[in-house]
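User: Please take a close look at one part of this model, the strands and what packs around them. Cut-offs should be stated with each term.

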Amino acid sequence: MTHHLSRRRFIQISAAVAGLSSAPLATPSATADTGLVEWRGTLLGAVATIKLHHPDRHEAERLVALSLTEARRLERLFSLYLTDSALVSLNRTGVLLDPAPELVDILTRSKRYAELTGGRFDPTVQPLWTLYADHFSRPDADPTGPPQQAVRDALARVGYGKLSISHDRIVMPRGTALTLNGIAQGYVTDRIVDLLRSRGVQQSLVDMGEARAIGPRPDGQPWDVAIEDPEHPGRTAATLPIVDRAVSTSGTYGFRFDPQGRFNHLFDPHNGGCAQRYRSVTTVAENATAADALSTAFSLMSPPEIRAALPRSAIERVHLIGETGAALDLLA
């Protein structure tokens with residue numbers, strides 16, 4: 001049996017208010033696959049799944065429950081949708097004392113990816129999100145976007161260099177705000193994979209907003225991860241076979257502020273604009289954290305810039321779908 005997982009991140013402007021991550025989580029269920037227990041639900045504002053192959057169904061259900069407990073714990077650190085999360089508290093006050101080790105770790109990695117990509121990946125772009133969300137929520141919103149002075153004002157609060165990270169505190173200037181939407185799903189996926197592997201799981205597909213495979217399918221074949229056609233939802237543009245690898249896709253179609261699609265959730269920290277170079281960018285890596293963060297950053301980079309970054313990254317393959325619909329594969 002072939003398993004297809006369509007990679008498309010759904011980001012809703014109402015999520016910050018409505019709290020998508022508070023939606024009920026599904027319970028594990030058995031499928032026609034022998035030894036397969038599957039869970040589907042919502043986590044960190046994204047559709048999430050675990051497909052776990054295990055000879056003992058009760059043990060598989062226990063491991064899924066254990067995984068969800070860990071995922072929810074991390075969500076309470078990283079989420080912008082939970083008003084009592086550590087990230088929301090940090091954004092509100094500008095300082096967090098005695099931060100959780102995982103928050104220190106993910107922010108340290110974020111700064112590393114920022115340096116690798118010349119600042120294209122930047123966890124401090126939340127002021128731009130707020131600016132565009134506020135602008136386009138108005139009934140009389142100017143379709144050409146926010147005023148340039150407002151963009152400049154927001155950019156003055158953006159910059160990963162403003163972030164000070166240590167094991168005893170995280171500090172940033174008032175007005176600067178963080179989002180981990182470009183890395184948290186991959187990070188949580190990796191943590192669940194580590195948990196399952198430590199308990200002997202050899203065949204599973206984990207997707208906490210980004211997908212990562214543990215081993216092959218039970219028949220020894222790779223897992224097939226489908227890249228959705230950006231212009232035709234539900235249609236597959238390409239299929240990537242993976243074994244012990246992670247896949248992440250970022251696309252301008254993920255969320256558009258305006259009906260014309262000129263403004264989307266992929267912000268350029270250099271000028272405050274939005275990505276327009278590609279319809280989608282898919283990365284394949286050993287871990288989902290790198291795949292997640294760099295699919296975001298590469299959306300703002302030219303093919304030569306991406307090629308130059310690959311030797312210093314964990315990315316093995318990049319699948320680009322350009323504005324004309326033409327595809328280009330870059331290999332490390």
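Analyst: The account below starts with the hairpin strands, then takes up the open sheet, the cores, the aromatic rings and one helix.

This is a predicted model, in which local features need pLDDT of at least 70 and side-chain atom pairs count only at pLDDT 80 or more, while totals for chains, interfaces and linings use all residues. Residues are numbered from 1 along each chain as its sequence is written, and side-chain values use heavy atoms, with hydrogens and water left out.

The protein has nine helices and 15 strands; helices (H or I, at least four residues) and strands (E, at least two) are DSSP runs, numbered from the N terminus. Of its 332 residues, 56% count as buried. Buried means under 20% relative accessible area, exposed over 50%, and partly exposed in between, with a 1.4 Å probe and protein chains only.

Strand E8 (residues 204–207) is covered on both faces. Ser204 and Val206 lie on one side, Leu205 and Asp207 on the other, and all are buried. In a regular strand the side chains alternate between the two faces of the sheet. Strand E4 (residues 46–53) is joined to E8 by four bridges and runs antiparallel to it; two strands pair if DSSP finds at least two bridges between them. Strand E9 (residues 211–214) also pairs with E8 in the antiparallel sense, over four bridges. Leu205 is the bridge partner of Lys51, and Leu205 also stands opposite Ala213 in E9. The hairpin of E8 and E9 has three residues between the strands, and there Gly209 takes a positive phi near 110°.

A separate open sheet consists of three strands in the order E5-E7-E6, with antiparallel pairing. Strand E5 (95–97) and strand E6 (164–165) stand at its edges, each with a single partner strand, so one side of each is left without a neighbour in the sheet. E5 is joined to strand E7 (residues 169–171) by three bridges, and Leu96 stands opposite Ile170 in E7. Helix H3 (residues 86–93) lies across E5 and E7 and runs at about 130° to E5. Axes are lines fitted to C-alpha atoms, for helices over the stretch in contact, and angles run from 0 to 180 degrees between N-to-C directions.

Gly94 sits in the loop between H3 and E5. Gly94 is buried, with a relative accessible area of 5%. Not counting residues up to four places away in sequence, Gly94 touches Ile170, Val171, Met172 and Arg174; contact means heavy atoms within 4.5 Å. Gly94 and Pro173 are 79 residues apart in sequence, but their C-alpha atoms are 5.9 Å apart in space. Across the protein, residues 24 or more positions apart account for 63% of the contacts with a separation of 6 or more.

The next topic is the nonpolar cores. A nonpolar core is a set of buried Ala, Val, Leu, Ile, Met, Phe, Trp, Tyr and Cys residues joined through side-chain atoms within 4.5 Å. The largest has 64 residues, of which Phe78, Met208 and Phe298 touch the most other members. Helix H2 (residues 57–78) gives the most to this core, with eight residues. Apart from this core lies another, of 16 residues, among them Val125, Trp129, Ala133 and Phe267. Leaving aside neighbours within four places in sequence, Phe78 is in contact with residues including Leu44, Leu87, Ile106, Leu180 and Tyr187.

The aromatic rings form 12 pairs in the structure. Rings of Phe, Tyr and Trp (its six-membered ring) pair if their centres lie within 6.5 Å; planes under 30 degrees apart count as stacked, over 60 as edge-to-face and the rest as tilted. Tyr132 and Phe257 form a tilted pair, 5.8 Å centre to centre with 40° between the planes. This pair links distant parts of the chain, 125 residues apart: Tyr132 is in helix H5 (residues 126–136), Phe257 in the loop between strand E12 (246–251) and strand E13 (278–285). The rings of Phe257 and Phe267 have centres 6.0 Å apart and planes at 40°, so this pair is tilted. Tyr132 is buried, with a relative accessible area of 4%, and Phe257 is buried at 10%. Trp129, Tyr132, Phe136, Phe255, Phe257, Phe263 and Phe267 form one aromatic cluster.

Finally, helix H8 (residues 288–298) is mostly covered, with 11 of its 11 residues buried. Phe298 is one of these buried residues.
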